Structures are given as structure tokens and as C-alpha cells.
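Please open the model in your viewer and keep the sequence panel beside it. The tour below goes from one selection to the next and says what is to be found at each stop.

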Amino acid sequence: MLDIRNLHVAVDGKEILRGLTLRIEAGQVHAIMGPNGSGKSTLSYILAGRAGYEITEGSITYDGEDLAALAPEARAAKGVFLAMQYPVEIPGVTTMTFLKTALNSQRRQRGEPDLDAVGVLKLVRAKAKMLNVTEEMLKRALNVGFSGGEKKRLEILQMALFEPRLAILDETDSGLDIDALRLVAEGVNTLRGPSRAMLVITHYQRLLDYIVPDRIHVLARGRIVAEGGKELALELEARGYDHLVKDVA
Amino acid sequence: MSIAAETKAHVAEIGEKYKYGFVTDIEMERAPKGLSEDTVRYISAKKGEPDWMLEWRLGAFRRWLSMKEPDWARVQYPKIDYQDAYYYAAPKNTPKKQSLDEVDPKLLETYKKLGIPLHEQMALAGVAVDAVFDSVSVATTFKEKLNEAGVIFCPISEAIRDYPDLVKKYLGTVVPVTDNYFATLNSAVFSDGTFVFVPKGVRCPMELSTYFRINASETGQFERTLIIADEGAYVSYLEGCTAPKRDENQLHAAVVELVALDDAEIKYSTVQNWYPGDENGLGGIFNFVTKRGDCRGRKSKISWTQVETGSAITWKYPSCILRGEGSVGEFYSIAIANNFQQADTGTKMIHLGANTRSRIISKGISAGRAQNTYRGLVSVYGKANNARNHTQCDSLLIDGDCGAHTVPYIESRNPPARIEHEATTSQIAEDQLFYCLARGIPQDEAVSLIVNGFCREVLQQLPMEFAVEAQKLVGISLEGSVG
């Protein structure tokens with residue numbers, strides 16, 4: 001489903017990703033681990049299409065299509081979803097309004113009819129319960145005054161609502177206590193399915209106790225330096241990243 | 001459909017940014033070009049006015065000749081040649097309509113294009129509409145129902161003929177003839193406008209609304225609105241404004257006077273969308289407006305809500321004189337300036353009586369190369385014991401070389417008075433935009449969504465049926481403002 005080949009990405013003329021190659025099939029969950037500054041967030045942003053991130057070499061193919069040629073909103077409509085590390089606040093826009101606007105924007109791009117307020121509300125309520133997202137949260141302005149855990153739960157709620165084909169989770173575990181982490185992980189696990197691919201980006205092995213990946217890739221200095229099964233996470237936890245990073249340098 | 005999406009669909013549908021830019025081809029009757037005593041006499045005669053009204057106008061005109069155009073606002077514009085404009089233009093053969101069926105179908109078509117199907121509104125919205133086309137009022141709906149309640153809602157020209165005592169008693173008592181250059185000019189040449197009188201203890205059974213439309217070229221529009229809420233009365237009034245696209249600048253100098261007696265409340269809302277000029281700053285309306293409300297009675301309340309998206313130049317300070325003890329003044333404003341628009345707008349809250357309170361919430365949005373200034377005065381007089389004011393002034397900058405300025409004046413002659421002023425300036429953050437895009441919301445919709453969120457506290461003050469319209473307008477005004 002996702003095929004990244006020899007990807008080089010620069011930000012402000014500085015090369016961050018330097019020849020990254022990665023392939024994920026539908027139904028699989030892959031994890032990207034790596035130290036700070038290895039290019040993890042850059043990878044998530046280039047996939048979602050953030051301005052200021054420039055591909056200088058290589059390619060990203062999503063469902064047989066050149067992903068870089070698509071505008072960010074078109075990627076969302078085609079099923080790419082990024083759960084952000086730092087969800088932003090939009091004052092004055094209620095969470096419910098935002099969800100409705102986003103959902104219908106995606107639907108419209110796919111040529112599907114809009115859902116009315118009642119339809120969206122039903123859909124949101126059905127998904128919100130499991131993630132413990134309350135009605136009161138939906139009435140508040142988007143992410144304004146939300147705790148770290150509430151923000152992340154809302155990200156996963158959006159993932160459940162938009163039903164993406166490729167979900168990228170950028171450090172979803174950061175800033176979460178163990179209960180919140182478990183809740184979020186449960187939410188993610190119920191979304192695992194044969195037609196959906198997931199890319200879980202994390203600094204710590206902890207998250208992978210709850211979201212068990214099919215494959216782990218270690219990112220250091222802009223490229224994949226090690227790959228393995230879920231046991232690789234435990235090894236990293238024990239030995240740290242240093243020995244891998246040294247090899248690249 | 002979400003607001004942002006509706007905005008988008010709306011814009012796509014009309015295929016241009018200013019959808020009110022059309023001209024109605026209709027035969028006009030005009031006063032000779034230029035401004036003189038003869039012009040004033042011509043207008044007065046056209047309206048069939050009594051002598052006292054003509055004298056009032058002439059007095060204003062003579063006064064105006066000795067006045068100087070004010071230059072203290074942060075706006076720049078070429079000198080206005082007052083002799084190079086028409087001061088009266090009216091669609092031929094339209095006045096004196098008994099019912100809508102008699103109104104020129106072309107006019108009704110125009111209003112339909114503006115989104116005000118009069119017939120439909122009569123049936124559905126329960127909104128009484130008075131429509132002023134260039135200089136005359138062409139149709140007033142819902143008269144009967146209002147008559148039953150004892151509410152007078154009619155063109156001011158009619159009120160001068162039919163209710164001279166009321167007009168004489170209140171006209172010019174809030175904005176005196178001598179008030180300022182543009183108000184004095186208006187007093188001399190005002191052509192029409194709206195008159196509302198809500199009698200003692202009556203809650204006006206519906207929203208009242210006037211749509212102002214400038215259609216003729218080289219014509220100034222000078223409407224005059226007078227609203228009186230007698231003791232214990234309540235009225236909510238909304239005005240909407242549009243004009244065709246033209247390369248020339250057109251002058252609009254209106255005067256609005258509100259009078260609230262004991263325990264009365266007036267809610268006055270404006271959605272102003274005069275033609276703002278094109279992307280290069282060519283054309284657009286010069287909007288020099290004097291709006292003032294007098295809380296004359298005890299515990300009276302006047303609330304101004306404005307959504308200002310149009311005009312090349314906006315010079316406008318809807319104000320409240322808080323004379324009655326315990327009276328309340330409110331000002332809620334959204335001012336959007338894009339491209340080369342210049343807005344200098346704000347309010348004055350004059351606390352004269354004890355226990356008076358005022359609240360100001362101003363949201364200024366600047367994009368392109370526009371300049372947006374909030375100018376406000378809070379003045380507390382010596383007898384205004386226990387007066388309170390809260391002012392919140394937020395500016396949002398969108399891309400480009402725009403500017404936001406805040407000029408608050410605070411005067412207190414009563415030391416215990418409580419006056420609070422808060423101000424913020426922010427930008428639409430790149431991460432906010434990216435967040436929306438990544439969730440599938442296209443850029444223009446994202447901007448509209450974020451700006452509508454920024455304005456929410458003010459939009460909430462608008463009557464429901466107009467809030468939706470205003471939200472759309474906010475989106476349309478900022479189309480393409482983020483490059």
C-alpha cells in the first residue's frame with residue numbers, strides 16, 4: 001500500500017531524511033523507532049504533505065499513486081491520516097463543528113454526499129464512547145483547554161471517524177500516563193484490519209507493549225538502520241540506540 | 001452542510017468574489033449633479049416635505065459649508081469632489097406602493113439576487129423588510145401585523161409626512177445637525193431611510209430589517225434611520241448593505257439615531273457588504289457613517305452588533321450615550337479588511353449616569369494590504385458613580401502586508417469607575433492551517449473556519465437567521481487571502 005523508495009527530504013535546505021526506504025502492505029502495522037532528531041516527525045509530515053518539507057530525491061507511492069503530487073487535503077480524502085504529536089488548538093471552533101467540516105470535506109472530495117448534523121452526531125457518538133470522549137468535550141473549542149490525554153483521544157477518535165486506509169501515529173504515546181496510553185492503544189487496536197495499514201512512530205518501546213507491530217524499523221540520521229520483528233523493540237529498550245547510530249555515522 | 005463548506009459551495013456557484021456586483025438596468029430619475037441649496041430644495045420637494053423639514057435641511061446645508069472634512073482617521077483616500085456627484089436618484093415610477101405586486105419586477109429580481117426574496121421572507125422568516133433602493137424605499141413588508149402591535153415601521157420620508165410630531169421630537173436629538181462633517185451633510189441631503197417607533201410596553205413581534213442598495217452610478221447614498229423604543233419596549237433591527245462593482249468610488253454617508261427610554265431595549269445589527277473595490281484597490285464605497293444610540297431612560301439598553309466586510313474606506317463608530325441610571329451599552333464588532341481596504345472603526349461609550357455599564361468586543365481581521373484600526377473611547381463623567389466598562393479588542397492578521405492598529409481612549413472623571421481593556425494580536429498559525437488541511441479541509445475553508453472561530457463571540461450576538469449569512473460572508477471576504 002505504501003512504498004517509499006530512497007527518500008531524501010530537506011527542510012530549509014537542510015537534508016533530514018537521507019535515503020529512506022520502507023514498504024508497508026495492507027493489514028500490517030509497522031513501527032518506526034529512533035532517537036530524537038532522527039527524522040521521525042519529518043517522515044510523518046512529508047507523508048501528510050506539510051508545507052516547507054521538500055522531497056529532493058526518491059519517491060512515495062501510495063496505492064499506486066505518486067503521493068507527493070497530491071495536496072494534503074486530497075491525501076486525507078484518499079485515506080491518509082496523521083495522528084499528530086501536538087494537536088493544535090483552534091479557538092472558537094467547537095470540536096463537533098470541526099469533525100463535521102472535516103468529514104464532509106473528505107466526503108465531498110470523494111464525490112459522496114454530505115452528512116447532515118444529525119448523521120455526523122450519530123457517527124461521532126458511536127465512536128466516542130469507546131474512547132471516553134464526552135459530549136462536553138465535543139462542545140468545547142477544538143483542543144482548547146484539553147489535557148494531553150484528551151487531545152490524543154480526540155486524535156484517535158478522528159481516526160476512527162475518518163476510517164483511513166493508511167494511519168500514521170506520530171508519538172501518540174508522548175505525554176500520556178499509563179491509563180490514557182492503554183485507552184488510546186485499545187482504540188488503535190480495534191481499528192486494525194485487513195484493508196488498513198498503520199505506521200506507529202515512537203521513541204519508546206512502551207507503546208509497542210500495547211500496539212504490537214508486525215515489523216519494526218529503526219530510523220537514525222535520516223535512514224533505516226535496522227529492521228526486525230517485535231522483539232527488536234525489547235533489544236532497543238535494553239541497549240539503547242547508540243550502537244546503531246554510530247554505525248551510520 | 002458546514003458553514004465553511006457552504007461558503008465554499010456558494011463561492012464556486014457565483015464564480016466571483018463579490019456577488020453583489022451586478023447593476024440593475026432600470027430607468028432612474030435624478031437630481032441635477034452637484035450640491036447646492038437647490039439640490040436640497042429639490043430633494044425636499046421630491047419627498048413632498050413640510051416647510052419645517054426643508055428649513056432643517058437648509059440649516060444643515062449652510063452649516064456644512066463652513067465645516068471641514070475630518071482627517072484624524074487612519075485612512076487615506078483621494079479628495080472627494082462633492083460637486084461631482086448626484087444626491088438623489090430614484091427608480092422611475094416606483095413610489096407609493098400598496099402591495100408588493102405593484103413593485104417593478106426588476107427591482108424584486110434584484111432583491112432576489114441579493115438573497116432577499118421578499119415574498120418568501122414574508123412567509124417564512126417572519127422578518128419585516130424595508131428595502132431602500134438608491135434613494136427611495138420601495139417596499140415595506142409586514143405592515144399590517146406591525147400595525148396591530150402599534151409598531152410604526154416605515155420609510156422616514158413617510159414618517160415625516162404622517163408622524164411629524166414624533167419625527168420633530170426625536171430627529172437630530174442624538175446626532176445633532178452640527179455633529180460632524182458627514183452627519184451634517186447627511187442632514188442636508190438625506191433621501192430616505194427607516195423610521196421605527198415601538199410604543200410603551202410593546203415587544204416588537206418580529207425582527208425588523210432594512211436592505212440598502214446603491215445601484216445608480218456617481219450617486220451618493222445618504223440614508224437616515226431613526227428608531228425610538230418607548231418605555232419598556234423592545235426591538236431588534238437589522239440592516240444589510242450592498243452595491244454594484246464600479247471603478248469609481250461612491251460616497252455613503254448615513255446617520256442612524258437610536259433612542260431608548262426607561263427600561264427599553266434596542267438591538268441593532270449590521271451586515272455591511274458595500275462593494276470593497278477590486279484586488280488593486282480600484283473602486284469601492286467610501287463609508288462615512290455616524291451611528292449613535294441614546295440610553296435616555298433608566299435601565300435602558302442599546303446593543304450594536306456589526307459585521308463590516310465591505311467598503312473601500314470605513315469610518316464608523318456606533319456609540320452609546322449612557323444617560324439613564326443603570327443603562328447598558330454594548331458594541332460587538334467584526335471588521336474584515338482585505339486587499340486595499342481601510343477600516344477605521346470602533347465605538348464610544350459615554351457614561352453619564354450612575355451604575356451604567358458598557359461592554360465592547362471588537363474582532364479585527366486584516367489580510368492582503370489592508371489597514372484595520374480599532375478606535376474606541378470610553379468616557380466616564382463625574383456623576384457616573386459605579387460605572388463599569390469591559391473592552392476586549394482582538395486582531396487577527398492573515399498573510400500579506402496588512403496592518404492592525406488599536407487606538408483606545410479612556411477618560412475617567414470618576415475615580416472609582418472600573419474600566420478594563422484587554423487586547424490581543426495574533427496570526428493564523430501555519431500549524432493550524434496544516435492541521436485542517438491534513439484532516440481534508442481545503443485552504444480557503446480552513447481560513448474561513450478559523451476566522452469564524454475567532455469571531456464567534458460576536459457572531460453569536462446576531463439574530464439567528466442572519467448569523468448564517470454573516471458566517472458565509474466572512475469566508476467569502478477572505479477567499480484566497482492565504483497564498
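## Chain B as a whole

Begin by selecting chain B, in which buried residues make up 57% of the 483 residues. What you are viewing is a predicted model. Colour chain B by secondary structure, and 13 helices and 23 strands should appear. Its contact pattern can be put in a single figure: among contacts between residues at least 6 apart in sequence, 84% join residues at least 24 apart.

## Strands S12 and S14 of chain B

Next select strand S12 of chain B, residues 265-273, a mostly covered strand in which nine of the nine residues are buried. Show the side chains, and two sets can be told apart: B:Glu265, B:Lys267, B:Ser269, B:Val271 and B:Asn273 point one way from S12(B), while B:Ile266, B:Tyr268, B:Thr270 and B:Gln272 point the other way, and all are buried. In a regular strand, side chains alternate between the two faces of the sheet.

Now add strand S14 of chain B, residues 301-308, which runs parallel to S12(B) and is joined to it by eight bridges. To find the register of this pair, centre on B:Gln272, which stands opposite B:Glu308 in S14(B).

## Strand S15 of chain B and its partners

Move on to strand S15 of chain B, residues 313-316, where B:Ile313 and B:Trp315 point one way, B:Thr314 and B:Lys316 point the other way, and all are buried. Adding strand S13 of chain B, residues 284-295, shows a parallel pairing with S15(B) over four bridges, and within this pairing B:Asn287 has B:Thr314 as its bridge partner.

Then add strand S18 of chain B, residues 342-351, which pairs with S15(B) in the parallel sense, over four bridges; here B:Lys316 stands opposite B:Thr345.

## The nonpolar core

Which residues have the most contacts inside the largest nonpolar core? Select A:Ile168, B:Val196, B:Ala229 and B:Val235, which hold that position in a core of 198 residues. The largest share of this core, seven residues, comes from helix H6 of chain A, residues 148-162.

Stay for a moment on B:Val196 and display its surroundings: leaving aside neighbours within four places in sequence, B:Val196 is in contact with B:Ile152, B:Phe153, B:Leu208, B:Ile227, B:Ile228, B:Val235 and B:Tyr237.

## Chain A as a whole

Switch to chain A, which has 10 helices and 12 strands, and of whose 249 residues 46% count as buried. Its C-alpha trace spans about 55 × 40 × 35 Å along the principal axes. A compact globule with 249 residues would have a radius of gyration near 18 Å, and chain A, at 18 Å, agrees with this. Among contacts in chain A between residues at least 6 apart in sequence, 71% join residues at least 24 apart.

## The open sheet of chain A

Select the six strands of the open sheet in chain A, which lie in the order S6-S9-S10-S3-S11-S12 with mixed pairing. Strand S6 (80-83) and strand S12 (223-228) of chain A stand at the edges with a single partner strand each, so one side of each is left without a neighbour in the sheet. From one strand to the next, the twist averages 20°.

Within this sheet, look at strand S9 (residues 166-170) and strand S10 (residues 197-202) of chain A, which run parallel and are joined by five bridges; A:Asp170 stands opposite A:Ile201 in S10(A). Helix H1 of chain A, residues 40-48, packs on the sheet, where it touches S3 (29-33), S6, S9, S10 and S11 (215-220), and its direction makes about 145° with that of S6(A).

Just before leaving, centre on A:Gly37, whose place is in the loop between S3 and H1 of chain A. Is A:Gly37 buried or partly exposed? It counts as partly exposed, because it has 13 C-beta neighbours inside 10 Å. A:Gly37 and A:Ile16 are 21 residues apart in sequence, with 8.6 Å between their C-alpha atoms.

## Where chain A touches chain B

Finally show both chains, and select the 26 residues of chain A that are in contact with 20 residues of chain B. On the chain A side, the elements giving two or more residues are helix H2 (72-77), strand S7 (90-94) and helix H3 (95-109), and H3(A) gives the most, with nine residues. Coloured by class, this side of chain A has 13 nonpolar, eight polar and five charged residues.

Terms used:
Residues numbered from 1 in each chain as written. Chains lettered and ligands numbered in written order. Predicted model: local features only at pLDDT ≥ 70, side-chain atom pairs only at ≥ 80, totals over all residues. Pairing = 2+ DSSP bridges. Axes fitted to C-alpha atoms, helices over the stretch in contact; angles between N-to-C directions. Contact = placed C-beta atoms within 7 Å. Rg over C-alpha atoms; globule rule 2.2 N^0.38 Å. Buried ≥ 20, exposed ≤ 12 C-beta atoms within 10 Å, placed from the backbone. Nonpolar A, V, L, I, M, F, W, Y, C, P; charged D, E, K, R; others polar. Core = buried A, V, L, I, M, F, W, Y, C linked by C-beta atoms within 7 Å.
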